[in-house]
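Ready for some practice in reading a protein structure? Open the model below, work through each exercise yourself, and then compare your steps with the solutions.

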Amino acid sequence: MSRVYNFSAGPSMLPLEVLETAQKEMLDYHGSGQSVMEMSHRSKVYDEIIKTAEADFRELAGVPDDYKVLFLQGGASTQFAMIPMNLMKNKVADYIVTGQWAKKAWQEAQKFGTANKIASSEDKTFTYIPDVSDLPISENADYVYICQNNTIYGTRYKELPDTKGKILVSDVSSMFLSEPMDVSRYGIVYGGVQKNVGPAGVTIVVIREDLISDEVLPGTPTMLRYKTHADSDSLYNTPPAYNIYVCGLVFKWLKKMGGLTEMKKINEEKAKILYDFLDASSMFKGTVVPEYRSLMNVPFVTDSDELNKKFIDEASKAGFVNLKGHRTVGGMRASIYNAMPAEGVKKLVEFMDKFEKENA
Ligand SMILES: *Cc1c(COP(=O)(O)O)cnc(C)c1O
């Protein structure tokens, strides 16, 4: 068996230990004589799996008792519609547009009401986070929306915005469980799991209970109401059962690693290795204003497309895969989520250093 260092933005690496456990339990989960893939989602054995996954997630993320944790489908992108459909009572919401995902969410919300773009960093190709300390929050805004870590551009919020009392909704897809979070600051905090938490197919939504109600926009389908899923503990219909199980294994792994405080330390150390190299290199350059650098997604460039391409090809041959930047921005991007070991980043930096010397 030979495994590569996978720098994909998502789906991305999972901890080897988790894959090995899943492999061991593939044919006969804990003496049940079945794979988790084959189980009824209404069975006792599966109920234990989903309940344990939720309990472990709550413990890791420090989810207060008055919040529900929902395991949903449709990817983070479905939330772009589900959020306004469920929260836009006044049909007004404020969006901070810091990248493609925030922009897509803002555009989707326009289908349901007035979605105001109250700040943006598009003027400089999303290479920074705008000042969010004193924003023109709309008086009747139902919520303020952010994307907290911008996967494509490699920026992240240093501070959460001052929403002036309005509900904060945050997409944390590409930083989920990479560091401690204060759930009580959000009305909804959510993410697709395929970046940092598990296999594609699950979206975890953490929502304050008072935001779950039958008062949704007219025509909101049953499946797109938070209440539907909250009332039945994410088992209204068949959930992505196997994927939730793997997420549960990742939660166990995170707990074993020491929880999110420890993960933050590890992630900071890992990111520093790469950023320090970029800052010292005369060939490779980071593309983001340093104070807003993401710990998870690190975009960088050389000064020629040809050299970028050569680097990506040679890196891939050497076992460092998926370093190509997003198709809308080009260059390179190394996504270094929880499951990427420090060793992978160190080896990548050694490879970059060698490439720089050979191509100087
Ligand atoms: C990947 C990503 C999405 C889209 O996720 P899907 O699950 O593919 O819909 C949304 N937001 C952020 C921040 C992402 O990184």
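**Exercise 1.** Find which domains the domain assignment of the chain gives, and describe how domain 1 and domain 2 meet.

*Solution.* Step 1: Start with the bounds. In this predicted model, the assignment gives domain 1 as residues 16-256 and domain 2 as residues 259-358.

Step 2: Now look at the spacing. The C-alpha centres of domain 1 and domain 2 are 27 Å apart.

Step 3: Turn to the contacts. On the side of domain 1, 27 residues take part, and they touch 25 residues of domain 2.

Step 4: Add the area. The size of an interface is often given as the accessible area lost when the parts come together. Here domain 1 and domain 2 bury about 2200 Å² between them, with 59% of it on carbon and sulfur atoms.

Step 5: Check for charged pairs. One salt bridge is found across the interface of domain 1 and domain 2.

**Exercise 2.** Work out what lines the largest pocket.

*Solution.* Step 1: Begin with the idea. Rolling a probe the size of a water molecule over the atoms shows where empty space is left. For the largest pocket, the volume is about 320 Å³.

Step 2: Look at the lining. There are 17 lining residues, and those nearest the centre of the pocket are Glu25, Tyr245, Gly248, Leu249 and Lys252.

Step 3: Ask which helices contribute. At least two lining residues come from each of α1 (16-24), α2 (44-61) and α6 (241-257). The largest share belongs to α6, which supplies six residues.

Step 4: Sort the lining by character. Seven of its residues are nonpolar, four are polar and six are charged.

**Exercise 3.** Explain what the salt bridge between Asp134 and Lys164 ties together.

*Solution.* Step 1: Use the distance rule. A side-chain nitrogen of Lys or Arg must lie within 4 Å of a carboxyl oxygen of Asp or Glu. In the pair Asp134 and Lys164, the closest N and O atoms are 2.6 Å apart.

Step 2: Place both residues. Asp134 sits in the loop between β4 (114-120) and β5 (144-147), and Lys164 in the loop between β7 (155-156) and β8 (168-171), so the pair links parts that are 30 residues apart in sequence.

Step 3: Set the pair in context. The rule gives a count of 22 salt bridges, and another example joins the side chains of Lys158 and Glu291 at 2.6 Å, N to O.

**Exercise 4.** Describe the backbone at Pro11 and at Lys91.

*Solution.* Step 1: Pro11 lies in the loop between β1 (5-6) and α1. The peptide bond from Gly10 to Pro11 is cis, with omega near -10°.

Step 2: Lys91 is found in the loop between α3 (75-87) and β3 (92-97). Its phi is near 60°, a positive value in a residue other than glycine.

Notes. Residues numbered from 1 in each chain as written. Predicted model: local features only at pLDDT ≥ 70, side-chain atom pairs only at ≥ 80, totals over all residues. Heavy atoms only, no water. 1 Å grid on protein atoms, 1.4 Å probe; cavity = no way out; pocket = protein on both sides within 12 Å on 5 of 7 lines; lining within 4 Å. Points joined across faces, edges and corners; volume = space filled by probe spheres on them. Helix = DSSP H or I, 4+ residues; strand = E, 2+ residues; numbered from the N terminus. Nonpolar A, V, L, I, M, F, W, Y, C, P; charged D, E, K, R; others polar. Domains from an automatic or database assignment. Contact = heavy atoms within 4.5 Å. Buried area = accessible area lost by both parts, 1.4 Å probe.
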